[in-house]
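Subject: Structure for you to look through

Dear colleague,

I am handing over the structure we spoke about, and I would be glad if you read it slowly with the notes beside you. Please open it first, and then follow the points below in whatever order suits you.

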Amino acid sequence: MMVFGVTCACLPSAIPLPPCLGIVPLFGANPFTDPIGLIHYLIVGAVLFTAGVACMALKRNALGILMGIELVLNGANINFVAFSSPYLRAEGTPTLGLDGQVVALFVILLAAAEAAVALAITLNFYNNHATVDVDRADDLKG
Amino acid sequence: MDLESLLPTLLGLAWLLPLASFVIILFAGPRLGDHGKGAAGVATAAIVGSFVLSLVAFVSWVAEHPVRAVAHGDHGEAHASADPAHGATGHAPAEEHGHGETGHAAAPPHSSGDWYTLYEGGRLKLSIGWYIDALTVLMFVMITFIATCIHVYASGYMHDELHDITDHEVHLSDGGHLHRPGRFHRFFQALSLFCFSMLGIVIAGNLAMVFIFWELVGICSWFLIGFYYERKSASNAANKAFIVNRIGDFGMLIGLMALWGALGTLHFADSTGADGHVRQGLFSQVRPPDTGHFQRVPDGLVKFSAADRVAAVLKEHADDPRAGVEKVEAKVEDWRDEGYGRWLLLIAGLGIFCGCVGKSAQFPLFVWLPDAMEGPTPVSALVHSATMVAAGVYLVGRFYPVLTPDALLVIAYVGAITLFISATIALVANDIKRVLAYSTVSQLGYMMLALGVGGWLAGLFHLVTHAFFKSLLFLCSGSVIHACHTNDMRKMGGLAKVMPWTSGTMLVGCLAIIGAGVPFLDIGLSGYYSKDSILAQALLFSRENPSHSILFYAVAGGAMLTAFYMFRLWFMTFAGEPRDHHVHEHAHESPPVMVYPLVALAILAVVSGWTLPGGFGIANMLEQARPAGTGETELGRFLFSGLVVPAEHESHAHDIHVTASLVAFATAATGVLLAAAMYVWRVISPAAVAAAVKPVYTFLANRWYFDEIYRFLFVLPVLGFSRLVSGVDKGLIDRFIEGLAWGAKQVAGFDAWIDRTLIDGLVNGTANATWNAGYELKKVQTGQLRQYVMFIALGTVAIFVLAGLLFRSSIAG
């Protein structure tokens with residue numbers, strides 16, 4: 001969520017912002033003109049995340065949803081890696097260091113495990129329902 | 001083992017055996033043999049054991065104190081039978097002392113002591129102990145022998161109780177009869193407890209113990225009279241017996257309290273306390289050895305009734321208490337002469353006698369005994385004729401040294417009234433057991449009268465012989481009832497042919513009770529001797545006190561009435577033609593187990609009064625136990641100053657003895673002839689006689705209206721008062737409590753309303769609200785994954801937007 005928030009805050013200043021977003025400072029920078037820095041990585045991460053969420057929300061195919069999840073996780077991963085890099089930050093600014101990369105590795109590991117479990121569930125679901133349409137997977141509704 | 005320690009052991013064991021039997025039957029009753037049949041065996045074995053032990057005690061007593069004839073001319077000779085050796089064995093010395101004025105200056109040979117001390121403090125002591133003299137030994141043998149006979153007899157008589165019984169005398173509300181399991185073992189259980197209690201009275205070494213066992217025999221009597229307790233009449237009779245006895249026991253308690261409070265002891269004999277201090281017993285306090293056992297008011301009673309003067313003396317010497325006490329001791333003699341304590345002694349004696357009036361069914365408390373015949377016949381024979389009712393006479397005999405001449409006169413009159421009233425009622429009774437019951441009351445009256453006129457020996461002698469022939473008579477009547485299934489003599493008749501053993505033994509019993517004998521040869525059945533000695537003593541008494549000669553007429557008239565009603569009974573039952581053929585056809589001789597005891601008792605009814613040529617006999621043995629100082633002529637010195645209670649041995653004087661014998665013979669013969677004339681020869685028609693004196697007949701047939709009078713005087717007022725009390729209870733107290741309950745109920749109803757509407761509503765409302773919320777919320781859970789993702793995404797956006805709006809400054813910060 002932090003990433004999402006930062007993403008919102010990184011919109012180009014040329015594009016008029018709604019008043020409500022004017023509260024978030026854009027650090028006085030323009031991504032289109034500035035050299036590649038932290039902000040650009042964050043924008044890539046945000047785009048990935050958003051694409052992932054959209055994918056999850058819109059796809060009816062369970063495998064598509066799994067892919068969306070991968071996108072979301074990897075969007076976050078990019079943020080972690082970007083925050084841990086000393087090259088992308090100004091001199092003297094604290095970074096996440098190795099911690100960010102370790103967390104990214106954890107997330108990859110987690111994504112792999114999650115994918116294994118999710119695929120097993122999907123397979124089972126297919127065996128029972130002869131489909132992978134998540135809209136028809138509403139057996140657990142209240 | 002010398003006699004001193006042997007006797008308490010033997011008799012103590014004989015006393016406790018029935019208790020053991022009682023305990024065994026109590027805990028193992030129904031499991032003893034088939035339907036509890038073994039209970040009879042256990043109880044009989046126990047009582048036979050007691051009898052054997054008593055017999056051993058009897059033999060060792062006789063070996064130690066040979067029973068010899070008494071030479072009447074010499075006062076001291078009364079105790080000649082006592083063996084001089086027993087002085088060394090610790091018995092009270094019984095060698096004859098002074099002659100003439102001082103009389104028997106020695107206590108009778110006895111053994112006394114305590115087994116167990118219940119309480120000891122100061123000069124007061126309560127204990128379980130023994131007082132054994134010739135009377136005790138004799139009573140033990142008599143009681144255990146009769147009890148043995150009756151146990152054997154009852155094991156046949158109570159045979160029906162071995163199985164389930166349909167009691168035809170109990171009508172249930174549905175019109176049927178009561179059907180109940182047999183109670184064979186219960187009968188023998190109560191019988192064993194009774195034997196234990198009765199022997200306890202006899203062996204008791206002090207009045208407290210007597211009282212304990214006195215009450216125990218009372219409760220046993222209650223158990224046994226109420227044996228068929230489903231019958232209203234039986235349970236009523238049991239309650240009546242118990243309540244009437246309580247009235248007498250109240251008097252006894254007064255007597256006990258007077259003695260206990262003033263003398264601090266209830267022991268008969270002297271006893272040694274734990275501190276080695278000798279406590280004087282009742283006997284030596286009332287008749288101190290140093291005055292030649294002459295009766296006097298004990299110091300304790302004098303000081304007790306002169307309490308205010310004692311206090312005054314002590315106050316005078318308040319500075320020196322020791323001198324004060326000495327002064328009191330010195331003045332006791334003066335106070336005694338002034339008459340202090342006489343009333344108390346009289347009250348103590350009459351109080352104890354009150355208990356005896358209840359237990360021995362004397363006027364005015366005799367009404368319970370005839371009703372007590374509701375119990376099974378063996379019970380009537382053992383408890384209500386031979387032993388328990390004799391306990392009162394026994395106690396008067398035991399307590400005799402303490403009774404003043406005034407008390408004795410009261411006793412004599414009570415006995416005379418009793419014997420006359422009950423004999424007249426017996427004349428017209430038709431129930432065979434009731435005739436015997438009234439006869440028992442009458443004979444008990446004889447004994448009391450004998451004791452009252454100074455015939456200590458005569459009374460107790462009659463007690464022993466009467467026990468034998470009256471238990472015989474009751475067992476015979478039981479045999480008849482067993483055969484005829486009715487108590488009504490008007491349905492009997494002619495049974496002598498079908499029941500030869502019963503009729504023969506009963507004839508012996510009848511002859512014994514009327515005192516049949518040959519006057520000049522001096523040979524007769526047991527009753528002859530005992531009744532003659534009573535008559536002789538009464539004759540002597542009325543000669544000494546002409547104003548009281550009515551006592552002699554009562555005895556003589558009573559003898560005639562006895563002869564009449566006993567032979568009326570015998571003739572109606574056994575002689576002549578059968579009145580009811582239905583009854584007669586079913587009649588049969590009883591089984592041997594019931595006949596053997598009859599024969600054994602019949603033999604004793606004949607011989608128990610005899611004195612063998614060597615002098616051995618019950619009378620002479622009883623003489624050994626005569627309380628010290630009671631063989632003398634006593635003069636009334638208090639209420640009846642002219643009263644002379646003559647010495648008993650004077651009644652053996654030739655002219656008195658012969659006159660008494662002749663009177664006895666003549667009255668008895670008249671009675672028998674009259675009965676024969678009415679019921680055998682039919683010269684006189686009983687119905688015509690009854691019609692001729694109809695008011696008298698009705699009066700007697702209604703038993704002098706005693707039950708009605710008591711009902712009117714005591715029962716109805718008590719019932720009325722109870723009704724009043726119960727009215728107060730029901731009308732006032734119950735109303736009040738019901739009101740309280742009603743109030744509480746209203747409050748509770750209000751509480752319940754609050755609970756149901758308010759509290760329950762709150763709880764249920766909460767539950768419903770929760771339920772509805774859940775029901776509505778579950779619709780959100782659609783199961784659509786994509787929707788969830790949308791919610792998450794949009795929710796996150798919404799949260800950020802809200803956070804941005806609300807916390808603008810902090811985030812901007």
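What follows is a description of some helices, strands and turns, taken one group at a time.

Please keep in mind from the start that this is a predicted model.

**One long element as a check**

A good place to begin is helix H6 of chain B, which runs over residues 232–263. Because each residue should add 1.5 Å, its 32 residues should span 46 Å, and the end C-alpha atoms are in fact 45 Å apart, which agrees with that expectation. The residue that follows H6(B) is Gly264(B), and its phi is positive, near 75°.

**Two hairpins in chain B**

Strand S1 (residues 111–121) and strand S2 (residues 124–132) of chain B pair in the antiparallel sense, and 9 bridges hold that pairing in the description. If you would like one pair to locate on screen, take Tyr116(B), whose bridge partner in S2(B) is Ile128(B). The hairpin of S1(B) and S2(B) leaves 2 residues between the strands, and there Gly122(B) takes a positive phi near 60°.

Strand S3 (residues 165–171) and strand S4 (residues 177–180) of chain B also run antiparallel, joined by 4 bridges. Here Asp167(B) has Leu178(B) as its bridge partner in S4(B). This hairpin has 5 residues between S3(B) and S4(B), and Gly175(B) in the turn has a positive phi of about 90°.

**Helices that pack within chain B**

Helix H3 (residues 134–157) and helix H13 (residues 377–386) of chain B have axes that come within 8 Å and cross at roughly 160°. Since that angle is over 145 degrees, H3(B) counts as roughly antiparallel to H13(B). The crossing of the two is left-handed. On the side of H3(B), the contact includes Ile146(B), Ile150(B) and Tyr153(B), while H13(B) contributes residues including Pro378(B), Ala381(B) and Leu382(B). Sorted by class, this contact has 10 nonpolar residues and 1 polar residue, with no charged ones.

Helix H11(B) packs with helix H15 (residues 405–428) of chain B at an angle of about 25°, and their axes are 9 Å apart. Because that angle is under 35 degrees, H11(B) is roughly parallel to H15(B). This crossing is right-handed. Among the residues that meet are Leu346(B), Leu350(B) and Phe353(B) of H11(B), together with Asp406(B), Val410(B) and Ile411(B) of H15(B). By class, the contact of H11(B) with H15(B) divides into 8 nonpolar, 1 polar and 1 charged.

**Where the two chains meet through helices**

Helix H2 (residues 38–58) of chain A and helix H28 (residues 785–806) of chain B have axes that come within 7 Å and cross at roughly 145°. From H2(A), the residues Val53(A), Met56(A), Ala57(A) and Leu58(A) meet Arg786(B), Val789(B), Met790(B) and Ala793(B) in H28(B). By class, that contact has 7 nonpolar residues and 1 charged residue, and no polar ones.

**Two details of the backbone**

The peptide bond from Phe363(B) to Pro364(B) is cis, with omega near 5°. You will find Pro364(B) in the loop between helix H11 (342–359) and helix H12 (368–371) of chain B.

In chain A, please look also at Ala130(A), which has a positive phi of about 55° although it is not a glycine. Ala130(A) sits in the segment after helix H4 (98–129) of chain A.

With best wishes

Definitions and conventions. Residues numbered from 1 in each chain as written. Chains lettered and ligands numbered in written order. Predicted model: local features only at pLDDT ≥ 70, side-chain atom pairs only at ≥ 80, totals over all residues. Expected span 1.5 Å × (residues − 1). Axes fitted to C-alpha atoms, helices over the stretch in contact; angles between N-to-C directions. Contact = placed C-beta atoms within 7 Å. Nonpolar A, V, L, I, M, F, W, Y, C, P; charged D, E, K, R; others polar. Pairing = 2+ DSSP bridges. Parallel < 35°, antiparallel > 145°, perpendicular 65-115°, else oblique. Left-handed = near helix turned anticlockwise from the far one by under 90°.
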